[in-house]
Amino acid sequence: MTASPPGRDPGLQPERTRLAWRRTVLSWTVVAVLAVRQVAGGEPVWTDVLAMGMCVLALLGFASVANRRMLAMAAARPAALTTGGAVAAVVCTLVLAAFAVAIVV
């Protein structure tokens, strides 16, 4: 006779996950604001404006993924992060990294 696997802790684990997503979005926002401020300091070129727009879109995309994940954590047995959500988070992170490289170079 095999024992069924224990259920997930309904208490602190989902709360820690929600807080982790919130901290990540807050960090993203600070990085995006500082990056836009860095670029906006001088005379804006069309490429700078395009890069800032991509940075803001990446931030909004990541915030959307994080919000969906935080809402999913409210369920008693939340579903795993979907492949599409994981890919969207990775793509947004890579866009932010590319923007960072573009403003440094």
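Accessible areas here come from the Shrake-Rupley method with a 1.4 Å probe. The model is predicted.

**Exercise 1. Describe the surface and the fold of the protein chain.**

Step 1. Take the surface. The accessible surface of the protein chain is about 7300 Å². Carbon and sulfur atoms hold 70% of that area.

Step 2. List the elements. The protein chain has three helices and zero strands. Read from the N terminus, the order is α-α-α.

Step 3. Check burial. The protein chain has 105 residues, and 23% of them are buried.

Step 4. Check contact range. Take the contacts with a separation of 6 or more: 80% of them join residues 24 or more positions apart.

**Exercise 2. Find which residues touch the most other members of the largest nonpolar core, and say which helices supply the core.**

Step 1. Count the members. The largest nonpolar core holds 19 residues.

Step 2. Pick out the residues that touch the most other members. They are Trp21, Trp28, Cys55, Phe62, Ala66, Cys92 and Phe99.

Step 3. Assign the helices. At least two residues of this core come from each of α1, α2 and α3 (83–104). The largest share is that of α2, with nine residues.

Step 4. Look at one member, cysteine 92. With neighbours within four places in sequence set aside, cysteine 92 contacts Trp28, Ala58, Gly61 and Phe62.

**Exercise 3. Decide whether arginine 18 is buried or exposed, and trace its surroundings.**

Step 1. Locate the residue. Arginine 18 belongs to helix α1, residues 12–40.

Step 2. Apply the cut-off. Buried means under 20% relative accessible area. Arginine 18 has 18%, so it is buried.

Step 3. List the contacts. Beyond its neighbours within four places in sequence, arginine 18 touches Met70, Met73 and Ala74.

Step 4. Look for a polar partner. A polar atom of the arginine 18 side chain lies 3.3 Å from the backbone oxygen of methionine 73. Methionine 73 is thus also one of the residues in contact with arginine 18.

**Exercise 4. Classify tryptophan 46 and name the patch it belongs to.**

Step 1. Locate the residue. Tryptophan 46 is in helix α2, which covers residues 46–72.

Step 2. Apply the cut-off. Exposed means over 50% relative accessible area. Tryptophan 46 reaches 65%, so it is exposed.

Step 3. Name the patch. Tryptophan 46 joins Val45, Leu50 and Met54 in a nonpolar patch on the surface. Together the four have about 450 Å² of accessible area.

Key
Residues numbered from 1 in each chain as written. Heavy atoms only, no water. Helix = DSSP H or I, 4+ residues; strand = E, 2+ residues; numbered from the N terminus. Buried < 20%, exposed > 50% of the residue type's maximum accessible area, 1.4 Å probe, protein only. Polar contact = N/O pair within 3.5 Å; in protein donor to acceptor, adjacent residues only side chain to side chain. Contact = heavy atoms within 4.5 Å. Patch = residues over 30% accessible without salt bridge, like charges linked within 9 Å, V, L, I, M, F, W, Y side chains within 5 Å. Salt bridge = Lys/Arg side-chain N within 4 Å of Asp/Glu carboxyl O. Core = buried A, V, L, I, M, F, W, Y, C linked by side-chain atoms within 4.5 Å.
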